[in-house]
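Visitor: Could you walk me through how some of the labels on a model like this one get assigned? I'd like the reasoning, not just the verdicts.

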Amino acid sequence: MIATHHLSLKAGQRQLVTNLDWQVHEGECWSIIGRNGAGKSTLMRALAGLRAPEAGHVTLGGRTLSEWPLAELARQRAFLAQSRSDAFSYSVIETVLSARHPYHDNRYWEDSDDHAIAIKSLEAMEVADLASRDVRTLSGGERQRVAIAAMLTQDTPLLLLDEPANALDLAHQVSVMSILARLCREQGKTAVMIGHDLTLAHSVSTHALLLKGDGRWLAGAKEDVMRPELLGDYLGHPIDVIQHGKRSIFIPKEDSV
Ligand SMILES: Nc1ncnc2c1ncn2[C@@H]1O[C@H](COP(=O)(O)OP(=O)(O)OP(=O)(O)O)[C@@H](O)[C@H]1O
């Protein structure tokens, strides 16, 4: 699906990611984990084709990102940015319908199929009752769910999400992340997401990519990578894991006093 080849990313003089060779296959759900400033969003923007890497390249379906025509790329991958600002007064439904533009090669208007998928996505994110509201009047969590509804409306095989659980209350963190996991499991979609909640990441992901922030990285199945000693090393703080039924609960160890 998407892969990086000898990818290197820098911020100024600082090496964030060195020689990343990484493959993400159809139906997998990946969490990218690392400390603040480790380079997670920078990598995500490179995966989306919004930032050129310092070295190496990204391929989607075997083809280098820069070779994809933009409209075709927009039918392949959707990207949820970490933050957004709404400069203009658009309604929720208009905002979500705008995600159908990649399918409008020869027309300027939406059809009933566009409306049907937009409404279905708003319902999945439990924001259908807000359809006529001005997006600038929404709460942070409501706006986040509308943004994810727009991604679902774009209906791409690959979903790239920078902190999808951001601003969501507890119930919506669980429901939104479960929907994303289900899309991968049952519809063969592929998701790559950034998150700081290890327990949530572990419960929804099949794989994890750890970034150290100095170039080092580690990628693999979550059972191999989301181990307390590795997470502690990559996050710079010791981590404990508690088994609760089938669930693994990750907690930071307390500083010794
Ligand atoms: N335009 C820029 N100029 C200089 N440094 C930058 C620039 N953009 C990002 N950086 C730096 O690159 C590093 C990686 O940023 P990035 O946003 O990828 O981190 P992150 O892992 O997503 O962090 P967080 O968990 O805080 O969201 C940070 O130290 C950031 O300050």
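What follows is a short back-and-forth on a helix, its crossing with another helix, and a few backbone angles.

Guide: Before we start, keep in mind that this is a predicted model.

Visitor: Noted. What makes the span of H5 close to the expected one?

Guide: H5 covers residues 140–154, so 15 residues, and at 1.5 Å a residue the expected span is 21 Å. From its first C-alpha to its last, H5 reaches 21 Å.

Visitor: And why is H5 called mostly covered?

Guide: The cut-off for buried is 20 or more other C-beta atoms within 10 Å. In H5, 12 of the 15 residues count as buried, among them Glu142, Arg145, Val146, Ile148 and Met151.

Visitor: Which elements do those buried residues of H5 pack against?

Guide: There are strands E6 (77–80) and E7 (158–162) on the list, along with helices H3 (92–97), H4 (112–124) and H6 (170–187).

Visitor: Let's take H4. Why are H4 and H5 called oblique to each other?

Guide: Their axes cross at roughly 140 degrees, coming within 8 Å. Roughly antiparallel would need an angle over 145, and roughly perpendicular runs from 65 to 115. The H4 and H5 pair fits neither, so it is oblique. The crossing is right-handed, by the way.

Visitor: Which residues make that contact?

Guide: On the H4 side you have Ile117, Ala118, Ser121, Leu122 and Ala124, and H5 brings Ala149, Leu152 and Thr153. Sorted by type, the residues of this contact come out as six nonpolar, two polar and no charged.

Visitor: On to the backbone. What stands out about phi in His6?

Guide: Most residues other than glycine have a negative phi. His6 isn't a glycine, yet its phi is positive, about 50 degrees. You'll find His6 in strand E1 (residues 2–11).

Visitor: How do you know whether His6 is buried or exposed?

Guide: Exposed means 12 or fewer neighbours. His6 has 12 C-beta neighbours inside 10 Å, so it counts as exposed.

Visitor: Where does Glu163 lie, and what is its phi near?

Guide: Glu163 sits in the loop between E7 and H6, with a positive phi near 55 degrees.

Visitor: Is Glu163 buried or exposed, and what makes it so?

Guide: Buried starts at 20 other C-beta atoms within 10 Å. Glu163 has 20, so it is buried.

Visitor: One last thing: what follows H5?

Guide: That's Asp155, with a positive phi near 55 degrees.

Definitions and conventions
Residues numbered from 1 in each chain as written. Predicted model: local features only at pLDDT ≥ 70, side-chain atom pairs only at ≥ 80, totals over all residues. Helix = DSSP H or I, 4+ residues; strand = E, 2+ residues; numbered from the N terminus. Expected span 1.5 Å × (residues − 1). Contact = placed C-beta atoms within 7 Å. Axes fitted to C-alpha atoms, helices over the stretch in contact; angles between N-to-C directions. Parallel < 35°, antiparallel > 145°, perpendicular 65-115°, else oblique. Left-handed = near helix turned anticlockwise from the far one by under 90°. Nonpolar A, V, L, I, M, F, W, Y, C, P; charged D, E, K, R; others polar.
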